[in-house]
Amino acid sequence: MDNDPNSPPPPPQQPSLPWRIGAAMVTGFVGSTSRLFMFGANRTEVHGLDKFLETLDRRKDPESRERGLITVSNHTCVIDDPLIWGVLPFKYHISPNNLRWGLAAHDICFTNK
């Protein structure tokens, strides 16, 4: 550990409470809107959802994660992640620790590493 008083503080283990509340509200709204779009305006068929949900449930606690989770889309677009949220049950929409949006992931985009 660096004892230099001029060095920046280490990044927090998790975002602040206001950030987490805001993130839950945004992901809940975006997930619900995506779900409405995916199932209300389209005919959506999901394969392997049970296995994906099991994987998300095992990763619920960030401290106990043993490996990463990669989701792949077949084209370049930042809307894919939120559309994937649309097929998840609502309880996953309000759990931003288990969701990723490549456009603004706090542990990737907002670090001083």
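These legends accompany close-up views of a predicted model.

**View 1. The whole chain is helical in its secondary structure, with five helices and zero strands.** Read along the sequence, the pattern is α-α-α-α-α. The chain has 113 residues, and 23% of them are buried. Its accessible surface comes to about 8900 Å². Carbon and sulfur atoms hold 59% of that surface. Contacts with a separation of 6 or more were also sorted by distance along the sequence: 66% of them join residues 24 or more positions apart.

**View 2. Confidence varies between the helices of the predicted model.** The mean pLDDT of the chain is 79. A value of 70 or more is reached by 77% of the residues. Helix H1, residues 17-40, has the highest mean pLDDT among the elements, at 90. Helix H5, residues 106-109, has the lowest, at 53.

**View 3. Seven residues make up the largest nonpolar core.** Its members are Val30, Leu53, Leu56, Trp85, Leu88, Tyr92 and Leu99. In soluble globular proteins, nonpolar side chains tend to be buried together. Leu88 is one of the core residues. Beyond four places in sequence, Leu88 touches Leu53, Leu56 and Leu99, among others. These three also belong to the core. The other contacts of Leu88 on this count are Arg35, Leu49, Phe52 and His93.

**View 4. Gly28 is a buried residue of helix H1.** Its relative accessibility is 7%, so Gly28 counts as buried, the cut-off being under 20%. Leaving out residues up to four places away in sequence, Gly28 touches Phe90, His93 and Ile94. Lys91 is 63 residues from Gly28 in sequence. In space, the C-alpha atoms of Gly28 and Lys91 are 8.6 Å apart.

**View 5. A nonpolar patch on the surface includes Ile21 of helix H1.** Leu17, Ile21 and Met25 form this patch. Together they have about 320 Å² of accessible area. Ile21 counts as partly exposed because its relative accessibility is 45%, which lies between the limits of 20% and 50%.

**View 6. Arg59 is buried in the loop between helices H2 and H3.** Helix H2 spans residues 49-58. The relative accessibility of Arg59 is 14%, so this residue counts as buried. Neighbours within four places in sequence are set aside here. On that basis, Arg59 is in contact with Arg65, Arg67, Gly68, Leu69 and Asn98.

**View 7. Asp61 lies in the loop between H2 and H3 and is partly exposed.** Its relative accessibility is 39%, so Asp61 counts as partly exposed. Asp61 and Asn98 are 37 residues apart along the chain. Their C-alpha atoms are separated by 8.5 Å. Asn98 is also one of the residues in contact with Arg59.

**View 8. Asp81 is a buried residue of helix H3.** This helix covers residues 80-85. Asp81 has a relative accessibility of 17%, under the 20% limit, and therefore counts as buried. Gly31 is 50 residues away from Asp81 along the chain. The C-alpha atoms of Asp81 and Gly31 are separated by 9.6 Å.

Definitions and conventions
Residues are numbered from 1 along each chain as its sequence is written. This is a predicted model: local features need pLDDT of at least 70, side-chain atom pairs count only at pLDDT 80 or more; totals for chains, interfaces and linings use all residues. Side-chain values use heavy atoms; hydrogens and water are left out. pLDDT is the predictor's confidence in each residue, from 0 to 100. Helices (H or I, at least four residues) and strands (E, at least two) are DSSP runs, numbered from the N terminus. A nonpolar core is a set of buried Ala, Val, Leu, Ile, Met, Phe, Trp, Tyr and Cys residues joined through side-chain atoms within 4.5 Å. Buried means under 20% relative accessible area, exposed over 50%, partly exposed in between (1.4 Å probe, protein chains only). Contact means heavy atoms within 4.5 Å. Patches are made of residues with over 30% relative accessible area and no salt bridge: like charges are joined within 9 Å, nonpolar side chains (Val, Leu, Ile, Met, Phe, Trp, Tyr) within 5 Å. Accessible areas come from the Shrake-Rupley method with a 1.4 Å probe; for residues, only the protein chains shown count as cover. A salt bridge is a side-chain nitrogen of Lys or Arg within 4 Å of a carboxyl oxygen of Asp or Glu.
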